[in-house]
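Trainee: I'd like to learn how to read pockets in a model. Could you walk me through them?

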Amino acid sequence: MKAFNLTRLRHLMSLISIVALLLSVLAITTQGFNLGLDFTGGAFAEVAMATDTRIDQVETALAHLGDGSISVVATEPGHFLIRMGATLDTQTLADFNQSLLQLDPTMQVLDRDSVSPQVGQELFEQGGLALLIAMLCILGYLSLRFEWRLAAGALFALVHDVVLVLGVFALTGMEFNLTVLAAVLAVLGYSLNDSIIIADRIRELLIARPKSRLTEVNDAAIVQTFSRTMVTSGTTLITVGALWLLGGAPLEGFALAMFVGIVTGTFSSVSVGTVLPELLGLSPEHYRKTPDNELQGAQGK
């Protein structure tokens, strides 16, 4: 592929990234998240019933509990994971057991727990704080490792990936719980690794080719890291895809977040991760070793 065509492709990919980013922000602000019981409070129970029991039968039997906010997932034939908006106090637990025993006298409760709304709110705030701290730590690391123009591209790629993952959950209305939040944090680490690989190669080429144009350097960096990026992303996607297809409903949110994060992480590292430094005026001069900037190194001027 010619350098000119690759440059145009990168700019087109950046435009797509910006549009997707704006749509994700719009979905988050207008629709919000379908927060799970981890954040909103409520209860869950795992029960064992007859193997021919259907999900709709369990939902109908429990419809009068928790203001009707009942979610039933079959983990295997006869085993159900039940989530409801009400906490399992003494009266609710008695109604819960009686309703299911009327449906199946052999019903057994294998596990149960409750999360109060106050605890759920604290978990949501702590999860957001963990995400913010992770972003600030990554910002500090990138600022020390790269010249600020190159670091800005990698950082914007990270923000892009996280917002797109959150946008998918806001748009689809899928449950956002602690498992999904863990996947978002994992996406941060994966996207950072991909961005650093390309940024490192750009820095090396800027030093090795001081007379080359930045667009040529960026194109060469992408070409030289393309095979490694595809192998890493491809093998990871295969693993996450298998988890998505075979892991069942409890892991569906985690697998989806990881899948979207890996795809967008690879995409953004090539698009905004390389185009933004061009727009900010990065040049080989910023990595030229002189007595005045030798100590500054990769931190820039």
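Mentor: Happy to! A pocket is an open set of grid points with protein on both sides within 12 Å along at least five of seven lines, and its volume is the space filled by probe spheres set on the points. Keep in mind that this model is predicted.

Trainee: How much space lies in the second largest pocket?

Mentor: The second largest pocket holds about 280 Å³.

Trainee: Which residues lie nearest its centre?

Mentor: Look for G128, L131, V162, L166 and L181, which belong to a lining of 14 residues. Helices α5 (117–145) and α6 (148–172) each contribute at least two residues to that lining, and α5 gives the most, with 6 residues.

Trainee: How does the lining of the second largest pocket divide by class?

Mentor: There are 12 nonpolar residues, 2 polar ones and no charged ones.

Trainee: Now for the largest pocket: what is its volume, and which residues are closest to its centre?

Mentor: That pocket encloses about 360 Å³. Its lining counts 15 residues, with R83, E175, N177, A249 and P250 closest to the centre.

Trainee: Which elements each supply at least two residues of the lining there?

Mentor: Both strands and helices do: β3 (70–76), β4 (79–84), α7 (178–208) and α9 (252–270). The largest share, 3 residues, comes from α9.

Trainee: And how many residues of each class are in the lining of the largest pocket?

Mentor: Here you'll find 7 nonpolar, 4 polar and 4 charged residues. Set that beside the second largest pocket, whose lining has no charged residues.

Notes
Residues numbered from 1 in each chain as written. Predicted model: local features only at pLDDT ≥ 70, side-chain atom pairs only at ≥ 80, totals over all residues. Heavy atoms only, no water. 1 Å grid on protein atoms, 1.4 Å probe; cavity = no way out; pocket = protein on both sides within 12 Å on 5 of 7 lines; lining within 4 Å. Helix = DSSP H or I, 4+ residues; strand = E, 2+ residues; numbered from the N terminus. Nonpolar A, V, L, I, M, F, W, Y, C, P; charged D, E, K, R; others polar.
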